[in-house]
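Here is a short report on aromatic ring contacts. Please keep the structure open as you read.

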Amino acid sequence: MLADIQVPEFELLWDAMLEECGVRELEWVKDIYEKKSSWATAYIRGRFYAGLCTTSWCESLHAKLGRFVERRYYILEFVTNFQRCVDFLRDNEEELDFQSSYGTPILQTQFLKLEKSGAVNFTQEIFSRYRESLKKCVRVTILECIQGEDRCVYVTQKYRRPNSRWTMVHMRRKEEFVCSCVRMESFGLPCVHILAVLVRLDFVSLPKNLVLP
């Protein structure tokens, strides 16, 4: 149920699960379903969370803090080691900022211009995710291109997934790209469908609406 699927498919899978497990009339199951807009990927797609899950930030911070602080510490030891942890996190952040500002990643894909555009516009951590999507865009097939007056609609499909199709709209006047998978709106990164179209159109740099300000 946490899979990256669309709403109709989620509803079909949920109904099949209710039948298979025989839990359709259980109150707690009904309660979970009522709150689906808070946890089901199909319903929260398009909302920007910067890639964070519900508790991932807290869990990450607890793991880092656990390297410096122990339960047996007295208050003085706790404060001293807590400050060490804060200094450690700040140093890491400064190092990452420096690498993003002055480091130059090695280009690895066959789409050098688009990859370089990502290296210029993204931090190194975000750029690594962008590059992975750029590598995977070759698996996307453009099935149809519907020309309109001011826009072009592309129907795309991933390799060997005929039942999973996404629609991508290119608004030519504004030079903007929007995809029905709304990955850009959810994570702030262009999806493989948009990147596949950019490659087809021979773009050498990312359009403005694909780079968060």
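## Ring pairs

Two rings of Phe, Tyr or Trp (its six-membered ring) pair if their centres lie within 6.5 Å. By this rule, the count comes to 11 aromatic pairs. The model is a predicted one.

## Phe 10 and Trp 39

One aromatic pair joins Phe 10 and Trp 39. Their centres are 6.0 Å apart, and the planes meet at 65°. That makes the pair edge-to-face.

This pair links distant parts of the chain. Phe 10 belongs to helix H1 (residues 7–21). Trp 39 lies in the loop between helix H2 (27–34) and helix H3 (41–44). The two are 29 residues apart. Phe 10 counts as buried because its relative accessibility is 0%. Trp 39 has a relative accessible area of 26%, so Trp 39 is partly exposed.

## Phe 78 and Phe 82

The ring centres of Phe 78 and Phe 82 are 5.8 Å apart. Their planes are at 25°, so this pair is stacked. Both residues lie in helix H5 (residues 75–102). They are four residues apart, about one turn of the helix.

Phe 78 is partly exposed, with a relative accessible area of 33%. Phe 82 also counts as partly exposed, at 37% relative accessibility.

## A cluster and a lysine

Phe 10 and Trp 39 also belong to a cluster. Ring pairs link them with Trp 14, Tyr 33 and Tyr 43.

Over which ring does the charged end of Lys 36 sit, 4.1 Å from its centre? That ring is Tyr 33. The charged end of Lys 36 also sits over the ring of Tyr 43, 5.2 Å from its centre.

Methods
Residues numbered from 1 in each chain as written. Predicted model: local features only at pLDDT ≥ 70, side-chain atom pairs only at ≥ 80, totals over all residues. Heavy atoms only, no water. Phe/Tyr/Trp six-rings, centres within 6.5 Å; stacked < 30°, edge-to-face > 60°. Buried < 20%, exposed > 50% of the residue type's maximum accessible area, 1.4 Å probe, protein only. Lys NZ or Arg CZ within 6 Å of the ring centre and 35° of its normal.
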